Amino acid sequence: MINGEKTLDRPIRWAMIGGGRGSQIGYIHRSSALRDHSFELVAGAFDINPERGKDFGISIGVDPDRCYPDYKTLFAEEAKREDSIEAVSITTPNATHYEICKAALEAGMHVVCEKPLCFKTEEAEELVKLAEAKGLVVGVTYGYSGHQMIEQARQMIIHGDLGEIRLINMQFAHGAYNTAIEKENPAIKWRMNPQFAGPSCVIADVGTHPLFLAEAIIPDFEIDNLMCSRKAFVEERELEDNAFVIMNLKSGAQATMWASAINCGSLHGQKIRIIGSKASIEWWDEHPNQLAYEIEGEPARVLERGAAYLYPEALAEDRISAGHPEGLFDAWSNLYRRFAIAMDLANKGEKANFWFPDIHAGAQGVKWVEKCVESADQGAIWIKY
Ligand code: NAI
């Protein structure tokens, strides 16, 4: 159980790039990083608009002198200080991640990067090499992977509760972009523009989330080949708002993904169902505290977060007893706590002996999007992974 005691001797000096006023994802980064005293927010380049960014930084308690107009100034000015930042979170639109992540690593900082890490496999490999050479940690915020019921699912697979894994059915299919709302909303506009979003919309924006859940839950989840079909249903969209992917895994299992932003009536719709030879489990992000466990021939069960019958690993990061819901913010806090411990260990020349969405997970996401787009754009052909 996590109860707010300090995890590290002192918090890591931390900055944010992006995540300013009105951004979708900035607050959950701050809320999660600051929750367990693992990080201290001391600087930032919070906004594409420098004045607005400074005003915002001051409003959340950052020293005005350390609210910088852009990330280059942030890194240059901080390098002159004795108490300079040690880690940075990159929460800007997709097209900026690669250059900012590279600059941060070159400046010797640990990084938490939003997905996608970058757009090309070569860029991802370069970042992996750079991080390894410098001994730095890069965490990627596949947020729900930090939820305890994902750990329970992982432990159930490891313990063989499902038998041999045959099928993995994934989806992240919401209905929020069923009309051209990007015309009025700048935060959605960039998601439909390849210049800012990259080669894909929903495959990268939502599909990579359940993909990482599958990778986290199933230790031997390795794709052999895949086939993808993508389509923009709303007129004038350059990028897809719906995609289907079929994957053959090296283990012999098969997997499917439905990524969509036009699933009318669905709020979020991120689900993963794993089907083994004995039983299936299913998790849905709108009810994250419950994990369906269905053994063939027996009445269906629902496992509840915090219950004593769960595997100990799935209880370790509880913050309150069973029956009270824990959700996205708690899952993110668990991830940020793991990032902090991994960064602290790296500073001491040690490696973390626990899993978290790291730079390899980020690179996998990049490769998967690239392969899906390659398949879809050649008429939904099978592509070797
Ligand atoms: P947004 O458009 O709502 O906000 C972006 C923020 O970054 C704004 O404050 C903007 O002023 C600032 N910004 C833009 N360019 C900048 C630059 N060069 N330097 C400094 N600040 C800059 O975008 P949103 O939805 O918050 O997404 C940001 C990133 O987070 C995206 O990569 C997106 O894919 C990812 N995301 C991840 C989620 C997750 O669950 N892990 C959920 C939502 C978004």
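**Exercise 1. Helix H4 and what it packs on**

Work out which elements the buried residues of H4 pack against, and which residues of H4 are buried.

*Solution.* Start with the partners: the buried side of the job falls to strands S1 (12-18), S3 (87-91) and S4 (110-113), plus helices H3 (71-79) and H5 (121-134). Keep in mind that we're working on a predicted model here. Next, the residues themselves: H4 covers residues 97-106, and its buried residues are His97, Tyr98, Ile100, Cys101, Ala104 and Leu105. Now look at the spacing with a helical turn in mind: an α-helix has 3.6 residues a turn, so residues three or four places apart point the same way. Finally, step off the end of the helix: just after H4 comes glycine 108, with a positive phi of about 85°.

**Exercise 2. A peptide bond to check**

Find out which two residues the cis peptide bond joins, and where proline 116 lies.

*Solution.* Check omega first: it is about -5° for the bond between lysine 115 and proline 116, and that bond is cis. Then place the proline: proline 116 sits in the loop that runs between S4 and H5. Both S4 and H5 are among the elements that the buried residues of H4 pack against.

**Exercise 3. Leucine 211: buried or exposed?**

Decide whether leucine 211 is buried or exposed, and list what it touches.

*Solution.* Locate it first: leucine 211 is part of helix H9, residues 202-217. Now count neighbours. The cut-off for buried is 20 or more other C-beta atoms within 10 Å. Leucine 211 has 29 C-beta neighbours inside 10 Å, so it counts as buried. For its contacts, skip residues up to four places away in sequence; leucine 211 then touches Met170, Met257, Gly365 and Trp368. As a last step, try a distance back to H4: from leucine 211 to alanine 104 is 26 Å, C-alpha to C-alpha, with their positions 107 residues apart in sequence.

**Exercise 4. Two positive phi values outside glycine**

Compare glutamate 236 with alanine 380: where does each lie, and how exposed is each?

*Solution.* Take glutamate 236 first. Its phi is positive, about 75°, and it isn't a glycine. It belongs to the loop between strands S7 (223-231) and S8 (242-249). With 9 other C-beta atoms within 10 Å, glutamate 236 is exposed.

Now alanine 380. Its phi is near 60°, again positive in a residue other than glycine. Its loop links helix H11 (359-377) and strand S14 (383-384). Alanine 380 has 15 C-beta neighbours inside 10 Å and therefore counts as partly exposed.

**Exercise 5. Two domains**

Say how the chain is divided, and how many residues each domain puts into the contact.

*Solution.* Domain 1 takes 12-144 + 337-359, while domain 2 takes 148-320 + 364-384. Their C-alpha centres are 26 Å apart. The contact uses 16 residues of domain 1 and 21 residues of domain 2. On the domain 1 side, sort those residues by class: 11 nonpolar, 3 polar and 2 charged.

**Exercise 6. Around the ligand**

How many residues surround the ligand, and which are the closest?

*Solution.* The count is 23, and the closest are Gly18, Gly20, Ser23, Gln24 and Ile25. Split by class, the shell holds 7 nonpolar, 11 polar and 5 charged residues. For the confidence of the complex, the predictor gives an ipTM of 0.99 and a pTM of 0.97.

How values were computed. Residues are numbered from 1 along each chain as its sequence is written. This is a predicted model: local features need pLDDT of at least 70, side-chain atom pairs count only at pLDDT 80 or more; totals for chains, interfaces and linings use all residues. A residue is near a molecule or strand if its C-beta atom, placed from the backbone, lies within 6 Å of it. Ala, Val, Leu, Ile, Met, Phe, Trp, Tyr, Cys and Pro count as nonpolar, Asp, Glu, Lys and Arg as charged, and the others, Gly among them, as polar. Domain bounds come from an automatic or database domain assignment. Two residues are in contact if their C-beta atoms, placed from the backbone, lie within 7 Å. Helices (H or I, at least four residues) and strands (E, at least two) are DSSP runs, numbered from the N terminus. A residue is buried if 20 or more other C-beta atoms lie within 10 Å of its own, exposed if 12 or fewer, and partly exposed in between; C-beta atoms are placed from the backbone.
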